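User: I have a structure open and would like to go through it step by step. Can you help me read it?

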Amino acid sequence: MKQSSVHDCHLISLPKIGTPEGNISAINEYIEVPFSLNRIYYLYDVPVGEKRGGHGHKELRQLIVAACGSFSVVLDDGKQKVTHHLNRPYQGLIIVPGIWRELEDFSYGSICLVLASDSYCEDDYIRNYNQFLKYKLCL
Ligand code: TYD
């Protein structure tokens, strides 16, 4: 999506089922997330101070959840940047296609859970920032 903006990405509240023994949050395709769920992956053991991401996707939609700990997601549409700090397992950030993202400020032991609309496809990545800008500006 070449025309997407950082404002098309948004935080969502996930249901939290609280019990005295602990909490549960469930995520269903087309209910909590507006796309089909075809892949789950998670980042863990990220060294404090390390950055992840640093790419955009042409078609992939994602929901990012701080399942444990916290980290920041910097979104960039080539014109504007917005930073979201994720620190609650019952909150998620929906990222639409065509957004450059960087993940940073990982707390020790944090887990970044990602629910994705499609299976892994390297051709869907834009890994060079100048190529991303060209893609967004249709240059
Ligand atoms: P990448 O998506 O660049 O990681 P991040 O955005 O978290 O920094 O992926 C890092 C490596 O892992 C890259 O070589 C591709 C591989 N990978 C898979 O094989 N399958 C996957 O589902 C993902 C997300 C990554």
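User: Which residues surround the ligand?

Analyst: This is a predicted model. In it, the ligand is surrounded by Arg 39, Tyr 41, Leu 43, Arg 52, Gly 53, His 55, Tyr 120, Tyr 125 and Arg 127.

User: How many of those are nonpolar, polar or charged?

Analyst: The shell has four nonpolar, two polar and three charged residues.

User: And which strands supply at least two residues of the shell?

Analyst: Strand S4, residues 39-43, and strand S5, residues 52-57, each do that.

User: Which side chains have an N or O atom by a ligand oxygen, and at what distance?

Analyst: For Arg 52, a side-chain N or O atom is 3.0 Å from an oxygen atom of the ligand. For His 55, the distance from a side-chain N or O atom to a ligand oxygen is 2.8 Å. Gly 53 takes part through its backbone: a polar backbone atom there is 2.9 Å from an oxygen atom of the ligand.

User: How much of the ligand does the protein cover?

Analyst: The ligand on its own has 520 Å² of accessible area, and the protein covers 62% of that.

User: Back to His 55. Is it buried or exposed?

Analyst: His 55 counts as buried because its relative accessible area is 9%, and the cut-off for buried is under 20%. His 55 lies in strand S5.

User: What does His 55 touch, apart from close neighbours in sequence?

Analyst: Leaving out residues up to four places away, His 55 touches Ile 99, Trp 100, Arg 101, Tyr 125, Ile 126 and Arg 127. Two of these names, Tyr 125 and Arg 127, also appear in the list of residues around the ligand.

User: New topic. Which residues touch the most other members in the largest nonpolar core?

Analyst: That core has 18 residues, and Phe 71, Val 73, Leu 75, Ile 95 and Cys 112 touch the most other members. Strands S6 (62-68), S7 (71-76), S9 (91-95) and S11 (111-116) each supply at least two residues of this core. S7 gives the most, with three residues.

User: Why would such residues sit together?

Analyst: As a general tendency, nonpolar side chains in soluble globular proteins are buried together.

User: Take Val 73. What is in contact with it?

Analyst: Not counting residues up to four places away in sequence, Val 73 touches Val 82, Thr 83, His 84, Leu 86, Leu 93, Ile 95, Arg 101, Glu 102 and Leu 103. There is also a second, separate core of eight residues, which includes Ile 12, Leu 63, Ile 94 and Leu 115.

User: Now the loops. Where is Arg 61?

Analyst: Arg 61 is in the loop between S5 and S6. Arg 61 counts as partly exposed because its relative accessibility is 31%, and partly exposed runs between the 20% and 50% cut-offs.

User: What does Arg 61 touch further along the chain?

Analyst: Outside the four places on either side in sequence, Arg 61 is in contact with Met 1, Phe 35, Ile 95, Val 96, Pro 97, Leu 115, Ala 116 and Ser 117. Arg 61 and Ile 95 are 34 residues apart along the chain, and their C-alpha atoms are separated by 5.9 Å.

User: And Asp 118, where is that?

Analyst: Asp 118 lies in the loop between S11 and strand S12, which is 125-126. With 35% relative accessibility, Asp 118 is partly exposed. Beyond four places in sequence, Asp 118 touches Asn 38, Arg 39 and Leu 60. Its C-alpha is 8.6 Å from that of Glu 59, with the two positions 59 residues apart in sequence numbering.

User: What about Lys 16, what does that touch?

Analyst: Lys 16 touches Asn 23, Ile 24, Ser 25 and Tyr 90, again not counting residues up to four places away in sequence. Lys 16 is found in the loop between strand S1 (10-13) and strand S2 (17-19), and is partly exposed at 46% relative accessible area.

User: Last one. What is phi of Tyr 30?

Analyst: Phi of Tyr 30 is near 65°, a positive value in a residue other than glycine. Tyr 30 is in the loop between strand S3 (22-24) and S4, and is exposed, with a relative accessible area of 58%. Asp 105 also has a positive phi, near 55°, and its place is in the loop between strand S10 (100-104) and S11.

Conventions:
Residues numbered from 1 in each chain as written. Predicted model: local features only at pLDDT ≥ 70, side-chain atom pairs only at ≥ 80, totals over all residues. Heavy atoms only, no water. Near = heavy atom within 4 Å. Polar contact = N/O pair within 3.5 Å; in protein donor to acceptor, adjacent residues only side chain to side chain. Areas by Shrake-Rupley, 256 points an atom, 1.4 Å probe, with all protein chains shown as cover. Helix = DSSP H or I, 4+ residues; strand = E, 2+ residues; numbered from the N terminus. Nonpolar A, V, L, I, M, F, W, Y, C, P; charged D, E, K, R; others polar. Core = buried A, V, L, I, M, F, W, Y, C linked by side-chain atoms within 4.5 Å. Buried < 20%, exposed > 50% of the residue type's maximum accessible area, 1.4 Å probe, protein only. Contact = heavy atoms within 4.5 Å.
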